[in-house]
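Q: Please take a close look at one part of this model, the open sheet in the second chain, and then place that part in its surroundings. I am in my first year, so keep the wording plain.

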Amino acid sequence: MTTDSTPPAGVLRPHAEQQYADELARLAEHDDRPRPPGWRLSPWAVTTYLMGGELPDGSRISPKYIGPRRLMEVAVATLATDRALLLLGVPGTAKTWVSEHLAAAVSGDSTLLVQGTAGTTEEAVRYGWNYARLLAEGPSEKALVESPLMKAMRTGAVARIEELTRMPGDVQDTLITILSEKTLPVPELGVEVQARKGFTVIATANDRDRGVNELSSALRRRFNTVVLPLPATAEEEVDIVARRVEQIGRALELPDAPAGLDEIRRVVTVFRELRAGLTDDGRTKLKSPSGTLSTAEAISVITNGLALAAHFGDGVLRAADVAGGIVGAVVQDPVSDRVAWQEYLETVVRERPGWQDFYRACREVS
Amino acid sequence: MSPSPPRPAGAVPDAAPAAPHAAGQAARRRAPDRGERAQVEVYGIRHHGPGSARAVRRALEEFKPEAVLIEGPPEADDLVDLAADPGMVPPVALLAYSPGRTPSADGAEATERRAAFWPFAEFSPEWQAIRYALEAGVPVRFCDLPAAHQLARQEPDADAGDPGPAGPEAPPSAEDGRPAAETPEGRDEPPEQDIRLDPLGWLARAAGYDDAERWWDDVVEHRGDGPSPFPAIAEAMTELRARLAALPEREHGPLPPGCLRREEQREAYMRRTLRRALKDGYERVAVVCGAWHVPALLEKVPAARDERTLRGLPKTKVAMTWVPWTHGRLADRSGYGAGVRSPGWYHHLFTSGDRPIERWLTEAARVLREEDLHVSSAHVIEAVRLAEALAALRGRPLAGLDEVTEAVRAVLCEGNELPVELIQRRMVVGERLGSVPERTPMVPLQRDLQAEQRRLRLKPSALDKEYDLDLRKALDLDRSRLLHRLRLLGVDWGVPQEAQGRSKGTFRESWTLMWRPEFDVELIEAGAWGTTVHGAAAARATAMAAQAATLAELTSLAERCLLADLGDALPAVMRALADRAAVDADVAHLMAALPALVRALRYGDVRGTPTGPLRTVVDGLVVRVCVGLPPAVTGLDDDASREMLGHIDAVHGALSLLGDDDHTARWLRTLRVLVDRDGDRAVHGLLEGRLTRLLLDAGRLDDVPDRMARAVSVGVAPDRAAAWVEGFLSGGGLLLVHDDDLLRLLDGWIAGLPADAFTAVLPLLRRTFGGYAAAERRAIGERVRRLDAAGPPAAARDDDIDAGRAAAAAATALRILGWEAPA
């Protein structure tokens, strides 16, 4: 199991439990509330870890999720009742992010992960075989290759399933027994793995993908559902973007370029307006492009702009640095989205006071 | 707040002022001058708090008082017995109103209406106190400032800045023991958070809560059994009031001075009522009032000072009664509302003794199942577990509405918002409508309506319900009449719907019915008009007719009278209509009024309404129109002609609908006169063309081709000719398809136009022909092409039938029609 130790040097993206090992340790130190069996922290401390807060010794816990506290409380309470948790939301609403941090805080391990794709097989969910060994020694526990889920059951940890709805329906349904009986039989060996206390599953699924492989109602019933919303206000979204951009910049060791809050606000405004199909002042209707224009994309546009500014520009994030990224994010469909974008540029951006540089930069790259 | 047992403390209302009460010695005291025997307990409650209600009930059962005083209008003392009647089902409200004022007919009374409500739900502590007292057979008295003073204060000359009796007071949002005055002024609390404005907010913040409601819920409302919370509440309030009193005067800032004075008066009156109860010899007296008032009641204030406070208050005549109330009204924050966010939840908390969470979620599952949403018992089990885990996570003693709603959303509704809203509407607010017993004092109009409701099997309900009435059935017809009459009285219990997707037959009506508590006020006011719904509506209609300013108002009133079958009001309305028609110089008004009346006449026939008087008016109106029209059409410009054209068409259509030969003949004679005018007096080309066409269709003209030739001949200005053509051809070009002579005339006229004149009339022609259907235009075009060929029309072709081949089809057709096929 991955522990709280520091990640090997040069790792591109440390796991949550590695990156925030310090915070987790301090929380555990001050946590005197009852912990559910198998949990590293009490539910209260898990919520604090996610939402941020201050500890009695004055040290700060940084917020991981910016949004309604009640959603995180529902999520944590769900896990505490050993129910499975289904995080729903449109792309870019921090579903994966929340699931990783929940797993890290609850069981100190966010790596027990099954990625759902159209090609995910039952072996990935249950167990597979090391065929060389199987042939050489016959069926034995040594020849068994356990899935992350099986490992989580054995160790009483949180397993994560990403993009649950992309899995084929029959593979999804193998989860039903695991979630209701909390056991995984291995008929070949005549044994079974019974889940230890602390085992549960966090799955994420995409609202827009619902049609792909709709969950059977039997499976759906075993999940408590939390719908993660898009950020409620522009300020909240700016806050999220600024925070993440800073973290990513640090991780990528980008040269120190101050991410101008103004530029971030501008990108967030563009994304929000196009997403809603309405300008912020509520007076102009807009065409909505086909892309999701999520917060996550805004973050990547800004990060990309920062890299441009640091390496090729004068070190300050300017309109020209984000323009290319924005156009790329907005114009997904070369015909209809381009029309929407051009209309937006000419009717809204052009008129807006103080946006002239941005307008010119976008005109250049569009 | 650690609950502590009640402690006795020596104090008496009549006693001389002494040092301020020590905090904590609240809630109970002895009256020494009654031989140390008289005991007073003051229960500070939150209005409409289920926990308070339970605690009050328990405390009363333990204390066994000889008299119970309740915060409320003393005028209701005589009505309180009704609360024990099995027919009395909360939510109900005490209604105070100023009787005997005759409202004016035009609805202006709404602005000066004076009424106030004191709502009670099953879970209201006051209601529980009343029920306890009635069951135990001890007298109940209301001790708040009389409604006579409260209503009088809403006179315009009263303190303008005063937020009125609806003003904020403790406990904060559950502010409803106060009469919710009709005038919403003062409902919006100023943003500043003073102790006085939000005393519980202060306490909640001290306890580390950000939401006062939730704090109060946790410490009081969600308590199960246990020691009485009242001493602790009294202690806390005393502390708060002491703090507030210590503040410099100006820091009372956010509250207007009138409100503080009002509070002083109310508390003085409460003390006075308490003194009287003690004087009357009751030795154990319980007082149930808003928590904020507890310290004031326990304070030792000389009787003389209270008398001084209460001297010379303005007064008005007030009548009181019970009226049914709804949970929706309790939830509203404005107007008559009480600002209880979740009456349905509170009701549930109060009535379900054990396992409130489990019962609530089971009920929610049933509501969802009724809507065909699949929710299993397993869902409910998991929802209960989630709610409890959330409560534990948030450190609450018991899952509250927030936790339960989260559980409903995450488990029962699987993250879907829509069903959550359904639960919110059906359960959290809940559309419960109370009822009052038969013998409740009512104005005769209310009684009559009740009788009608029973007769017509229309039950008032707080949820909106659709009714489809078939006017051919006697019951449905009577229902329709009742609803129309109520609408005339301003009681919009039923709102007519546009029939959707169904045939527009005149014998169908769709209504949406929803009873709102304020209708009782409207009814009481309308009581001035009469004692029955029928009589009152007729009287109101008569009064409205006398005040109507325009002919259009009168015609619509006449229509409404017919719908409501108000035969007795109709003569008055008709007389007013006839009078108004006689003096109205503008024939256009008369013409505009006619179609509605004719419609009403025909519609009345369908409904079996006697329409005699209406007939007389229509007769008179037709004559007036025919007389007034010729002078009115002289010298009209283009726009005015176009407008007149619309009126003429409408009247013409109405007369066709009416089907009265005399009127039609008179109308056509009038038109004929107009058409024959010549020279300077000739009517506008548009009108003349149209009139010619109307007369042609009616078969009254045999020289139409000549007339057209004249109209489009060289001597006539091209624009007038074009207007004539437009008028003549408006409303369908089939005429041209079938009449070669006219077509040839038109064709010749257009072909002969000089170039510049052609350009001038082209837009008019385009407008005329553009209005035709494409098929008509094509047919006309084909006719024009054949005109040049000068060949005889192809009518002969039609005779070219092969009888042998048609025989089989003809025989089948005949058989279908039921005729014997020729052999």
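A: The answer starts with the sheet, moves to another piece of the same chain, and ends with the two chains together.

The model is predicted. In chain B, three strands make up an open sheet, in the order 5-4-8, with antiparallel pairing. Strand 5 (115-120) and strand 8 (319-324) of chain B are the edge strands, and each of them pairs on one side only. From one strand to the next, the twist averages 25 degrees.

Consider the pairing of strand 4 with strand 5. Strand 4 of chain B covers residues 92-97, and six bridges join this strand to strand 5 of chain B, the two running antiparallel. To find one such link in the structure, start at Tyr97(B): its bridge partner in strand 5 of chain B is Ala115(B).

A helix also belongs to this picture. Helix 18 of chain B, residues 518-526, lies across strand 4, strand 5 and strand 8 of chain B. Its direction is at about 35 degrees to strand 4 of chain B.

Elsewhere in the chain, two helices can be looked at as a pair. Two packed helices are described by the angle between their axes and the distance between the axes. For helix 27 (residues 704-711) and helix 30 (residues 740-752) of chain B, the axes come within 10 Å and cross at roughly 5 degrees. Angles under 35 degrees count as roughly parallel, and so helix 27 of chain B is roughly parallel to helix 30 of chain B. On the helix 27 side of chain B, the residues that meet the partner are Pro705(B), Met708(B) and Ala709(B); on the helix 30 side they are Asp741(B), Leu742(B) and Leu745(B). By type, the residues of this contact between helix 27 and helix 30 of chain B are five nonpolar, no polar and one charged.

Now for chain B as a whole. The secondary structure of chain B comes to 34 helices and 11 strands. Chain B has 823 residues, of which 46% count as buried. Of the contacts in chain B with a separation of 6 or more, 76% are between residues 24 or more positions apart.

The confidence of the prediction varies along the chain. Chain B has an average pLDDT of 75, and 78% of the residues score at least 70. In residues 1-26 of chain B the pLDDT is below 50, although this stretch has 61 contacts in the model beyond near neighbours in sequence. Residues 155-193 of chain B also stay under 50 in pLDDT, and here the model has 104 contacts beyond four places in sequence. Where pLDDT is low, the predicted coordinates should not be read in detail.

The other chain can be described in the same terms. Chain A has 16 helices and 11 strands, and 43% of its 366 residues count as buried.

Last come the two chains together. Contacts link 20 residues of chain A with 16 residues of chain B. On the chain A side, the elements giving two or more residues are helix 3 (43-51), helix 4 (69-80), helix 10 (217-220) and strand 11 (223-227) of chain A. Helix 4 of chain A provides the largest share of that side, seven residues. The residues on the side of chain A that touches chain B divide into nine nonpolar, six polar and five charged. For the complex, the predictor gives an ipTM of 0.77 and a pTM of 0.64.

Methods:
Residues numbered from 1 in each chain as written. Chains lettered and ligands numbered in written order. Predicted model: local features only at pLDDT ≥ 70, side-chain atom pairs only at ≥ 80, totals over all residues. Contact = placed C-beta atoms within 7 Å. Helix = DSSP H or I, 4+ residues; strand = E, 2+ residues; numbered from the N terminus. Nonpolar A, V, L, I, M, F, W, Y, C, P; charged D, E, K, R; others polar. pLDDT = per-residue confidence, 0-100. Pairing = 2+ DSSP bridges. Axes fitted to C-alpha atoms, helices over the stretch in contact; angles between N-to-C directions. Buried ≥ 20, exposed ≤ 12 C-beta atoms within 10 Å, placed from the backbone. Parallel < 35°, antiparallel > 145°, perpendicular 65-115°, else oblique.
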